[in-house]
Amino acid sequence: MSEGVRTRVDSALRDFMRKATDNLREVGDELAPVADELHDYVVDGGKRLRPTFCYWGAIAAGAADTDALVRAAATGVAVVDEVVVYECARLEQVRSEEH
């Protein structure tokens, strides 16, 4: 994997998550622990393979190598990850209510 792409993806993802967690904190102080956990879950782990595959797929399809492409690849995957985590938590709650 190109270290330049990974660095750019990582930077875009960190910026996106900083803004997202700041927004959560603005809603209320009680969301600070959620914001911190979400930030750590997305930012502190992983090899950034999915956003890198998104980036290289777009390049292969003829997209220009721009910062906007890197942001889209990084943040699009982050949003999908957040939705998956949310849906898993919601399903677990529904299951626990059924029993």
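A residue counts as buried when its relative accessible area is under 20%, as exposed when over 50%, and as partly exposed in between. That cut-off applies directly to helix α2, whose buried residues are A35, L38, V42 and V43. Seen down the axis of α2, these residues fall within an arc of 105°, so they line one face of the helix. On the other side of α2, P33, E37 and Y41 are exposed.

**The model as a whole**

This is a predicted model. The protein has four helices and zero strands. Along the sequence the pattern reads α-α-α-α. The protein has 99 residues, and 24% of them are buried. Its accessible surface comes to about 6,600 Å². Carbon and sulfur atoms hold 57% of that surface.

How much of the contact set joins residues 24 or more positions apart? Among contacts with a separation of 6 or more, such pairs account for 65%.

**Helices α2 and α3**

Both helices can be checked against an expected length. In α2, 12 residues at 1.5 Å a residue should span 16 Å, and the end C-alpha atoms are 16 Å apart, which agrees. Helix α3 also has 12 residues. From its first C-alpha to its last, α3 reaches 16 Å, close to the 16 Å expected.

Which residues of α3 are buried? They are P51, T52 and Y55. These residues cover an arc of only 100° around the axis, which puts them on the same side of α3. On the other side of α3, F53 and A60 are exposed. Just after α3 comes G62, with a positive phi of about 105°.

**The nonpolar core**

The largest nonpolar core has 13 residues. Those with the most contacts inside it are V9, L13, M17, V42, Y55, V70 and A74. Three elements give two or more residues to this core: α1, α2 and α4 (67-98). The largest share, five residues, comes from α1. Two of the names are already familiar. V42 is on the buried list of α2, and Y55 is on that of α3.

**R48, a buried loop residue**

Where does R48 lie? It is in the loop between α2 (32-43) and α3 (49-60). Is R48 buried or exposed? R48 has a relative accessible area of 7%. The limit for a buried residue is under 20%. R48 is therefore buried.

Its surroundings come from distant and nearby parts of the chain. Leaving aside neighbours within four places in sequence, R48 is in contact with R6, V9, D10, L13, V42 and V43. Among these, V9 and L13 are also in the list of core residues with the most contacts. The side chain of R48 makes a polar contact with the side chain of D10, at 2.8 Å. A polar atom of the R48 side chain also lies 3.4 Å from the backbone oxygen of V42.

**Residues in α1 and α2**

T21 sits in helix α1 (residues 3-27). With a relative accessible area of 4%, T21 is buried. Beyond its neighbours within four places in sequence, T21 is in contact with A35 and H39. A35 is one of the buried residues of α2.

T7 is also found in helix α1. Its relative accessibility is 47%, so T7 counts as partly exposed. A32 belongs to helix α2. At 22% relative accessibility, A32 is likewise partly exposed.

**Distances between separated residues**

The table lists three pairs by their separation along the chain and by the distance between their C-alpha atoms.

| Pair | Apart in sequence | C-alpha to C-alpha |
|---|---|---|
| R48 and V5 | 43 residues | 9.7 Å |
| T7 and R48 | 41 residues | 9.6 Å |
| A32 and D22 | 10 residues | 8.8 Å |

R48 appears in two of these rows, paired with V5 and with T7. The side-chain link from R48 to D10 adds a polar contact to that picture.

Definitions and conventions. Residues are numbered from 1 along each chain as its sequence is written. This is a predicted model: local features need pLDDT of at least 70, side-chain atom pairs count only at pLDDT 80 or more; totals for chains, interfaces and linings use all residues. Side-chain values use heavy atoms; hydrogens and water are left out. Buried means under 20% relative accessible area, exposed over 50%, partly exposed in between (1.4 Å probe, protein chains only). Contact means heavy atoms within 4.5 Å. Accessible areas come from the Shrake-Rupley method with a 1.4 Å probe; for residues, only the protein chains shown count as cover. A polar contact is a pair of N or O atoms within 3.5 Å; within protein, one must be able to donate a hydrogen and the other to accept it, and residues adjacent in sequence count only if both atoms are side-chain atoms. The expected span of a helix is 1.5 Å times one less than its number of residues. The arc is that of the directions from the helix axis to the C-beta atoms. A nonpolar core is a set of buried Ala, Val, Leu, Ile, Met, Phe, Trp, Tyr and Cys residues joined through side-chain atoms within 4.5 Å.
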